[in-house]
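Here is a short set of exercises to work through with the model open beside you. Try each task on your own before you read its solution.

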Amino acid sequence: MNDASMTRRTLLRGAGVALALPWLEAVAFAQTGKSAGEAPLRMAFLFVPNGINMAHWTPEGEGALGALPHTLEPLAGMKEHFNVLTGLTQNWAFAHGDGGGDHARSAAAWLTGCKPKKTSGADIKVGLSADQLAAAKKGQLTRFPSLEIGCERGGLAGDCDSGYSCAYSNTISWRTENSPMSKETEPRLVFERLFGGEDASESAEARAQRKQNDKSILDFVLEDAKSLQGRLGTHDRHKMEEYFTGIREIERRMAFLEKAGKETGVSGESLKARMSGGLPDYPDHVKLLGDMMVLAFQADITRISTFMFANEGSNRAYKQVGINDGHHETSHHGRSPEKLENLKKINRFHVEQLAYILGQMQNIKEGNRTLLDNTMLVYGGGISDGDRHNHDDLPLLLAGGGGGTIAGGRHIKYKNGTPMTNLLITMLDRFGVPGETLGDSTGKVQQLF
């Protein structure tokens with residue numbers, strides 16, 4: 001595998017399509033000279049809104065994880081791959097004299113550690129977020145510096161929470177202190193952006209041709225793929241087949257949902273599937289976007305992603321688990337046993353989606369490790385108890401092995417009030433962006449590496 005062309009190969013091409021390759025040992029070795037175990041490190045931030053029923057989230061005791069609390073039970077088979085972190089805080093999500101607006105502040109401060117300016121106008125201001133700091137330093141290594149996705153639409157203008165701009169509630173990613181990164185919510189648009197091609201006009205033509213002929217994106221790169229596969233070893237060929245299977249499965253699921261949406265119509269929130277002019281049913285939506293994030297990591301299209309399961313303050317109903325009341329309304333439980341039980345069900349439902357995504361990452365082999373081993377993924381939110389609107393002792397979980405440097409299976413307690421940004425700069429240091437400060441950070445956290 002000493003062919004010099006291998007050092008330049010990052011895409012499969014054909015008929016207006018430029019499809020990124022998965023991480024292949026042969027190509028990685030030709031490009032870097034590194035041994036087969038050294039896949040790139042990825043970083044992801046998965047956000048859930050409105051707080052948690054903490055009594056069913058927090059593990060008993062400190063140290064090695066034993067029996068998991070009810071909300072985390074869907075992760076029982078993966079205990080060695082994550083740590084539960086307690087005590088971390090986003091101080092600037094508290095009011096500090098600015099009155100109401102805890103939901104907006106919690107999302108805005110989550111990855112910035114900064115105080116958002118209370119405004120519903122164009123003069124928004126908070127701070128650079130951890131993902132975008134990483135993208136600014138390392139984003140040139142991939143086709144997309146970062147990926148921002150979510151399951152709930154939302155504009156970046158207007159008043160969404162007690163005088164705070166919707167930009168604060170509807171994104172967690174900030175390129176500068178004044179520039180929020182808008183997220184993409186429609187699976188088809190995410191797919192075409194990631195896998196559809198480099199040239200916008202060619203990509204549009206290719207999309208139209210694929211739609212007319214009911215073809216897969218893979219049909220357009222088949223010749224180039226066959227040429228490459230003939231020069232790969234058995235393990236890399238298997239990885240190519242696995243990657244192609246993942247792409248075809250996503251295409252199949254999107255086509256099914258789109259067809260269902262057209263046949264059923266797009267009237268009312270009770271529809272099982274809405275893709276044309278709408279969005280899929282929520283569990284399908286989370287899994288589709290999660291699978292695309294995983295494929296984007298696998299193909300090294302990006303190494304950094306944010307994923308909002310819902311906007312902060314979302315009042316989505318979770319009929320999938322028998323809850324007709326809105327999430328935000330439910331989170332204001334007032335110690336009502338019924339509302340607390342419903343909140344527990346919503347929290348567990350979200351963790352079930354997380355378990356699916358982590359499982360997909362764990363199933364992808366990269367040399368001697370897995371994609372999950374080569375990732376640092378933060379899951380959680382900026383509110384602890386939704387009724388109290390407190391932003392200390394946040395519900396946070398760190399999954400992935402950090403390139404083989406993070407030992408999992410632990411409940412790690414930090415002193416309550418420890419800035420969450422200390423975790424973020426610790427992750428940035430591991431990601432290859434050392435020596436940075438972020439928001440209210442005071443130093444790196446211990447016990448992780």
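**Exercise 1. Describe how helix 5 and helix 9 pack, and say which residues make the contact.**

Step 1: start with the geometry. In this predicted model, the axes of helix 5 (residues 187-195) and helix 9 (residues 282-298) come within 10 Å and cross at roughly 10°. Axes here are lines fitted to C-alpha atoms, for helices over the stretch in contact, with angles running from 0 to 180 degrees between N-to-C directions. Helices (H or I, at least four residues) and strands (E, at least two) are DSSP runs numbered from the N terminus.

Step 2: classify the angle. Helix 5 is therefore roughly parallel to helix 9, given that angles under 35 degrees count as roughly parallel, over 145 as roughly antiparallel, 65 to 115 as roughly perpendicular and the rest as oblique.

Step 3: list the partners. Helix 5 contributes Pro187, Val190, Phe191, Leu194 and Phe195, while helix 9 brings His285, Leu288, Leu289, Met292, Leu295 and Ala296. Contact means heavy atoms within 4.5 Å.

Step 4: sort them by character. The contact of helix 5 with helix 9 has ten nonpolar residues, one polar and no charged. For this count, Ala, Val, Leu, Ile, Met, Phe, Trp, Tyr, Cys and Pro are nonpolar, Asp, Glu, Lys and Arg are charged, and the others, Gly among them, are polar.

A note on conventions: residues are numbered from 1 along each chain as its sequence is written, and side-chain values use heavy atoms, with hydrogens and water left out. As the model is predicted, local features need pLDDT of at least 70 and side-chain atom pairs count only at pLDDT 80 or more, whereas totals for chains, interfaces and linings use all residues.

**Exercise 2. Find the largest nonpolar core and the element that supplies its largest share.**

Step 1: the largest nonpolar core has 76 residues, and Leu19, Leu46, Leu75 and Tyr379 have the most contacts inside it. Such a core is a set of buried Ala, Val, Leu, Ile, Met, Phe, Trp, Tyr and Cys residues joined through side-chain atoms within 4.5 Å. Buried means under 20% relative accessible area, exposed over 50%, and partly exposed in between (1.4 Å probe, protein chains only).

Step 2: helix 9 provides the largest share of this core, with ten residues.

Step 3: look around Tyr379. Leaving aside neighbours within four places in sequence, the contacts of Tyr379 include Leu46, Trp57, Phe309, His350, Leu354 and Leu397.

Step 4: a second, separate core has 35 residues, among them Leu41, Ala134, Tyr414 and Val445.

**Exercise 3. Which residues of helix 3 are buried, and what do they pack against?**

Step 1: in helix 3 (residues 130-138), the buried residues are Ala130, Asp131, Gln132, Leu133, Ala134 and Ala135.

Step 2: these buried residues pack against strand 3 (42-47), strand 6 (147-150), strand 9 (174-176), strand 11 (304-308) and helix 12 (420-431).

Step 3: move to strand 9, where Trp174 lies. Trp174 is buried at 0% relative accessible area, and the residues that touch Trp174 from more than four places away in sequence include Gln132, Thr112, Ile124 and Met181.

**Exercise 4. Compare the settings of Asn50 and Asp393, which have a positive phi without being glycines.**

Step 1: phi is about 75° at Asn50 and about 45° at Asp393.

Step 2: Asn50 sits in the loop between strand 3 and strand 4 (63-64), and Asp393 in the loop between strand 16 and strand 17.

Step 3: Asn50 is buried, with a relative accessible area of 0%, whereas Asp393 counts as partly exposed at 28%.

**Exercise 5. Is Gly409 buried or exposed, and which residues does Gly409 touch?**

Step 1: place Gly409 in the loop between strand 17 and strand 18 (410-419).

Step 2: at 15% relative accessibility, Gly409 counts as buried.

Step 3: beyond four places in sequence, Gly409 touches Gly63, Ala64, Leu65, Lys79, Glu80, Phe82 and Asn83.

Step 4: check a distant pair. The C-alpha atoms of Gly409 and Val84 are separated by 8.2 Å, with their positions 325 residues apart along the chain.
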